[in-house]
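Please look over the structure below before reading on. The paragraphs that follow go from an enclosed space to a barrel, then to a helix and a single residue.

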Amino acid sequence: MFKFREVFTAACAVGAFWGSALFGAEIWREAETADAHNWTGTMTCIQPDGSGASGGRMLRIYTKELPETKAFRANYVLSVPVSGKYRLLMAVSTSEAGWASPFSIQFDNGSITHLSGKKWMTPSYGGKHPDNVLGWIDAGEFELSAGKHEMGVIVDTPRKDGHFICFFDGFLLTTDRKVKPAGNYYVSKQQVSWAELLKKHGSVEKIRRRAAAEEAEAFRAARENVPEVWREAEAFSRSNWPDIQSIMREDGSGASGNKVLRIYTKEAPDGGEYRASYDVEIPADGEYVLWTAITPTNVGWASPVRVELDGKPAVDLARHSRVTPSYGEYLGWTCGGRLRLEKGKHALDFVVDEPRGDGMYICFFDGFLLTTDRNVKPVGNYFISPKQKAWAEMLEEYGSYEELFTRQQKEEFFEKMAGIPHREGYSGQVSGEVLTKIMARPLPPKEGNPKLLHRIGLHGMERPFVRVRSAKREKFDRAFELLARAGVDSLRTAETCWHRLGEQPGKFDFSETDYQVETAGQYGMNFLFTIGYPHKNFSKSATHLSTFKPEYEPMFREYLRQVFVRYDKYAQYWEYCNEVDAPHVWWRGATPEEYVRDCRIVREELDRIGSKVPLLGISATYSRDASRDGRGDAGQAFSRRCAENGIATYVDGYSLHYTWSLAQKGFVEFFRGLTPDAPASQKLVNSEEAGYSHPSDVIKLFARDLYLYGFESVYYYIAQDWIEVGNVIYSGLFDLDWNPKLRLASIAAAADAMKCRDLVAMASPAEQVEAYLLEEPGGEGNYAVVLWKNGGSEEIGNRYRRSEEVVPTEVEFPAGTVTKAVDWKLDEPAFDSARPVFAVGSEPLIVYCSRLPEWKRIAPAEYLKANSGVRPEGGALLPGQN
């Protein structure tokens, strides 16, 4: 293993020293290479431009408790080359500003030199807040004889609030009076420069991994003899908790081991309690501190948790507050206090037997630590116990985050899919057949189809699925081509939201959006761009899922101008924010009045550039019924308040989500009547629609949304299978390896029939058969009939279930009128042209003909009045918050 200590303590035999020669004897040490220390640990601090800690790491103290020795001390054994007077320069935090602890130094157990109040002689470095904690101080001159000496750096006094805080990067002892540090490098010829590190290891990422691996190794060495027990929550001995969920982040700030044990349900547990049991082996008698990484148990949004030891009550975590910042979105550390334990086997149980206020049982549990070390102070997910597998080690094992993420997702995905009845047909053979069919189709003209009447849209060709800088770039490129051949002509992306582009206008990173636009543009596709949601530094809420603080309106307008000027020519629609009628999820801490104000500003900025692209508002999901109205700031109440405040003056239409079930007809009717005197209620777009039942239902959802409900465009959810907050989303057109699925064939079938055809009328040629009679304007003799038979349990829930099969019914077309029939897999069933009879079942069939059959025709409003579907189980579906 690469050792930073060996590199950074070795002298660099180089002829020139970075532009200036330093003269005299000197000793350079990286702080983290202490020969002995009891500081709370080391810390990685690496910046891509090399402005992080020297060598990438520093020594750190961050705690409220002194060790038993009553002082934190880092000792360095020094070999002084020649006798003389040495000037001591230290890269360290300073107590002068009040936020760090004072410190002292001592040579050879002699007199102590106190350095409190020493000011930095240089600007600070380390990176942006909170990493910018280092700077250089002049600690004075010391007479040292040639030979061995010991230097100690001591912290024994807290800052005013009782915290011991100190960051220490390195020090230089030199007889050269001319040395003037300016940053982290160019201080000593014994340092290894940033350029040399990059050359040696190849990339910033590899330097980070090596530094983190050494940090983990040092941590293990410091704690290897401490009696303790660490257990990942998902490694239970017995449990009836419903689920294990992956929580991964590219910076390693996800769950420890990348997984959590989870409860997220309204279903009461059997026996009245959810219980996760852990058989543990206590290594020695003693008093152990219990640390739990878990959702907060005393704040209301998660369930309370209690702990039992050997079958007896031990700790009520609801009585304890979280003591660290959160990580992985839901997690943080709670100290459960001290437990007296004897050596040997014990059982520790974590019990949830109460829901939160709305009846939901919610708990995310990452792991627990029992330790005799009272100085342990967790600050994140790793470096809690030497028994953990560190993030850097996992990355090293898999080669890259992308590969680790993919493998983790696939493992969890197929474990959960094993318990779900489905018809996805996952296999290499099925993917190969779909690929052959799609690649045999022609590419669309780059300039687009002039006969286009309806948009077949798709959500998900963006992060986290698609990244411009990825080893899977070829797979993404092929996916764009396959979508184009299948007939997808518009893509929904949230890549244009403020927080995704960066912090401040003028410093935005447009590379992801540019890649999507340029690649899709090769095939004539355009975009529904979702905009809004400022960076959290300028947001009214603590997250980026809200509106801007009023004082940042000029910055908000500048963000809009940059985005509109760059992408308006690629836009089919601009959509302002997502699902704002779900304000506790997507419009946090903001009001309907503020949403309308924002829409006014967006309209003003679109008018400023002369844009003719329609602006869509609300992007609704909670407005499907009155159940979410609550205090008047969600659901239909939210949308009504938007209408009362004049939203229809600024938007051209409304976007809705998940409408195709007949049980959702009231949802569509609500928006038709929301602003009845304005055009906005007539221009409805479904910007997120999914069918989790049979893959052929993709055809049904497009038919109903476009024709039964009269939507202008429909955007299917989603491009690739994935896992969203622990739930498997298997409605993707591609699998986790970007292989095409059967659903892509259904998209192609729908696109062929519907993109360039309008509805003539609906019909029901046989009992429970739903038929759409379509014509291509100006295309005499070019008709299509999309039909299927309802029944069974086709619309129950958002997962595939069929308690009773639909018995096919024979439907006959006029002799000599049928030119072709296509099923949902793009296969063409045979028929007798003299007597075209088709068996129509629950899977849709598309029949192309030169003349429409003379069936009794039905208007969509009449059909909706006469038919109602089964209401799906559960509440509104919500997308992930990425």
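On a 1 Å grid over the protein atoms alone, a cavity is a set of points where a 1.4 Å probe fits but cannot get out, and its lining residues are those with an atom within 4 Å of a point. The model is predicted, and here local features need pLDDT of at least 70 and side-chain atom pairs count only at pLDDT 80 or more, whereas totals for chains, interfaces and linings use all residues. Residues are numbered from 1 along each chain as its sequence is written, and side-chain values use heavy atoms, with hydrogens and water left out.

By this rule there are two cavities of 30 Å³ or more. The second largest cavity holds about 70 Å³ of space, a volume being the space filled by probe spheres set on the points, which are joined across faces, edges and corners. Its lining consists of Ala-216, Phe-219, Arg-220, Tyr-382, Phe-383, Ser-385, Pro-386, Gln-388, Lys-389 and Ala-390. Of these lining residues, six are nonpolar, two polar and two charged.

The next feature is a barrel. Eight strands (DSSP runs of E, at least two residues, numbered from the N terminus) close into it in the order S23-S24-S25-S26-S27-S28-S29-S30, with parallel pairing, where two strands pair if DSSP finds at least two bridges between them. From one strand to the next the twist averages 25°, with axes taken as lines fitted to C-alpha atoms, for helices over the stretch in contact, and angles running from 0 to 180 degrees between N-to-C directions. Helix H13 (residues 665–672; helices are DSSP runs of H or I, at least four residues) packs on the sheet and touches strands S27, S28 and S29, its direction making about 165° with that of S28; contact means heavy atoms within 4.5 Å. Strand S25 (residues 526–531) is joined to S26 (residues 571–576) by five bridges, and Ile-531 stands opposite Tyr-576 in S26.

S25 is also one of the elements against which the buried residues of helix H9 pack, the others being H7, S24, H8 and H10. Of the eleven residues in H9 (511–521), nine are buried, that is, under 20% relative accessible area with a 1.4 Å probe and protein chains only; among them are Tyr-515 and Val-517.

Where does Ala-233 lie? Ala-233 is in the loop between strands S12 and S13, and it is buried because its relative accessible area is 0%. Leaving aside residues up to four places away in sequence, Ala-233 touches Leu-261, Tyr-278, Phe-365, Asp-366 and Gly-367. Ala-233 and Tyr-278 are 45 residues apart in sequence and 8.7 Å apart in space, C-alpha to C-alpha.

How values were computed
Buried means under 20% relative accessible area, exposed over 50%, partly exposed in between (1.4 Å probe, protein chains only). On a 1 Å grid over the protein atoms alone, a cavity is a set of points where a 1.4 Å probe fits but cannot get out, and a pocket is an open set with protein on both sides within 12 Å along at least five of seven lines; lining residues have an atom within 4 Å of a point. Ala, Val, Leu, Ile, Met, Phe, Trp, Tyr, Cys and Pro count as nonpolar, Asp, Glu, Lys and Arg as charged, and the others, Gly among them, as polar.
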